[in-house]
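Here are some short exercises for getting to know a new structure. Try each task yourself before you read the worked solution.

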Amino acid sequence: MTVDPGATPAANIYKLMIGSIVPRPIAWVASRGSDGSRNLAPFSFFMGVCSDPPVIAFAVTNRSGAVAKDTLRNIRETGEFVVNFVTEALGEAMNLTAGDFAPGQDEFAMAGLTPAPADLVRADRVLESPVSYECRLREVIVISENALGSSLVLGEVVRFHVADEILTEFRIDPAKLQAIGRMGGNGYTRTRDRFDMVRPKV
Ligand SMILES: Cc1cc2nc3c(=O)[nH]c(=O)nc-3n(C[C@H](O)[C@H](O)[C@H](O)COP(=O)(O)O)c2cc1C
C-alpha cells in the first residue's frame, strides 16, 4: 500500500505513524497553571534533540475546539515544566494521568503520586520516578492548527535528577531503569530484550 497523506483522513495517518514510530519513549510532563494548580500528563511524540545544551522536544496534539491541553497552556503561561520518565512500576499511574480531566484537577493526587518541588522551575517532579528533567521553555512551534495538528514544545534541561541506584559514572543501567515505551493503540513495551552492536571502524 502507498499512502498519499493529502488524500487520506488524518485519523488514519495518525494510526500509521503511531504504529510505525515504535517504541516511543514517554515524557510524563508535570507543569503548573499560573494559579499554581498541578498538572501531569504523558506525551510519546517525544525525543531528545541536543545535548549541548540539553534540549528535549515533545508534541501536544490539538484538542477539538479551541481549548489547548492543560500542559501546553501551562507551559505557555509559566515557561517551565518537568519531564519525568515512566518505569514498569509506574505504568498504571501514568495511564491514569492521561484522562481528559478538567483544568485544575491534580493528577498527582488522583494517581497516588508524590509531587516533589523542583529545584529551579515552578513545577513538580514525580518523586517515584527515577529520572526527571527540570526544563525551561525555549520555543513552542505551532506545526498545524488542524484538528489533529500539533504544537512542538522545545525545552532546555536546566537540572537532571537521576536515582543513584540506577547510575554508574553517568551511565544509566537499563535493567534497573525498567523504562516502558508506547506502541500503537493501547500497546506498550518493556525494555528487557536488549542487545549490543559495535559500530564498524572504517
Ligand atoms: C502513553 C501516552 C502517550 C501520549 N502521547 C501524547 C502525545 O504525544 N501528544 C498528545 O497531545 N497527547 C498524548 N497523549 C494523550 C494525553 O496524555 C492526554 O490528552 C492528556 O489528557 C493531556 O493532558 P493535559 O490536558 O493535562 O495536558 C498520550 C497518552 C498516553 C497514555
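**Exercise 1. A proline between two strands**

Task: Find the loop where Pro53 sits, then work out which kind of peptide bond joins Asp52 to Pro53.

Solution. Start with the place: Pro53 belongs to the loop between β3 and β4. Keep in mind that you're looking at a predicted model. Next, check omega for the step from Asp52 to Pro53: with a value near 5°, this peptide bond is cis. Now try Val22 and Pro23: omega is about -15° there, and the bond joining them is cis too. Pro23 sits in the loop between α1 (10-20) and β1. Such bonds deserve a look, because most peptide bonds are trans.

**Exercise 2. Put the strands in order**

Task: Trace the open sheet of seven strands and write down the strand order.

Solution. Let's build it pair by pair.

- Step one: β1 (residues 27-32) joins β2 through six bridges, and the two run antiparallel. To find your place, look for Ala27, which stands opposite Phe43 in β2.
- Step two: β5 (residues 80-85) pairs with β8 (residues 131-142) in the antiparallel sense, over five bridges. Here Phe81 has Cys135 in β8 as its bridge partner.
- Step three: β8 also joins β9 (residues 150-162), again antiparallel, with eleven bridges. Ile141 is matched with Leu152 in β9.
- Step four: put everything together, and the order reads β2-β1-β5-β8-β9-β4-β3, with antiparallel pairing.

Which strands stand at the edges? They are β2 and β3 (46-51); each has a single partner strand, so one side of each has no neighbour in the sheet. As for the twist, it averages 35° from one strand to the next.

**Exercise 3. A helix across the sheet**

Task: List the strands that α2 lies across, and give its angle to β1.

Solution. Follow α2 over the sheet and you'll meet β1, β2, β4, β5, β8 and β9. Then compare directions: α2 runs at about 55° to β1.

**Exercise 4. Who surrounds the ligand?**

Task: Sort the 17 residues around the ligand by where they come from and what kind they are.

Solution. First pick out the residues that come nearest: Ala41, Thr61, Asp70, Thr71 and Ala98. Then look for elements that give two or more residues to the shell, and you get β2 (38-43), β4 (54-61) and α2 (70-78). The largest share is from β2, with four residues. Last, sort by type: eight are nonpolar, five polar and four charged.

**Exercise 5. Two unusual phi angles**

Task: Decide whether Phe170 and Gln178 are buried, partly exposed or exposed.

Solution. A quick reminder of what makes them stand out: most residues other than glycine have a negative phi. Phe170 isn't a glycine, yet its phi is positive, about 70°. You'll find Phe170 in the loop between β10 (167-168) and β11 (171-172). Count the other C-beta atoms within 10 Å of Phe170 and you get 7. The cut-off for exposed is 12 or fewer, so Phe170 is exposed.

Now for Gln178, in the loop between α5 (174-177) and β12 (180-182). Its phi is positive as well, near 55°. This time the count within 10 Å is 18 other C-beta atoms. Buried would take 20 or more, so Gln178 is partly exposed.

Key. Residues numbered from 1 in each chain as written. Predicted model: local features only at pLDDT ≥ 70, side-chain atom pairs only at ≥ 80, totals over all residues. Near = placed C-beta within 6 Å. Nonpolar A, V, L, I, M, F, W, Y, C, P; charged D, E, K, R; others polar. Pairing = 2+ DSSP bridges. Axes fitted to C-alpha atoms, helices over the stretch in contact; angles between N-to-C directions. Contact = placed C-beta atoms within 7 Å.
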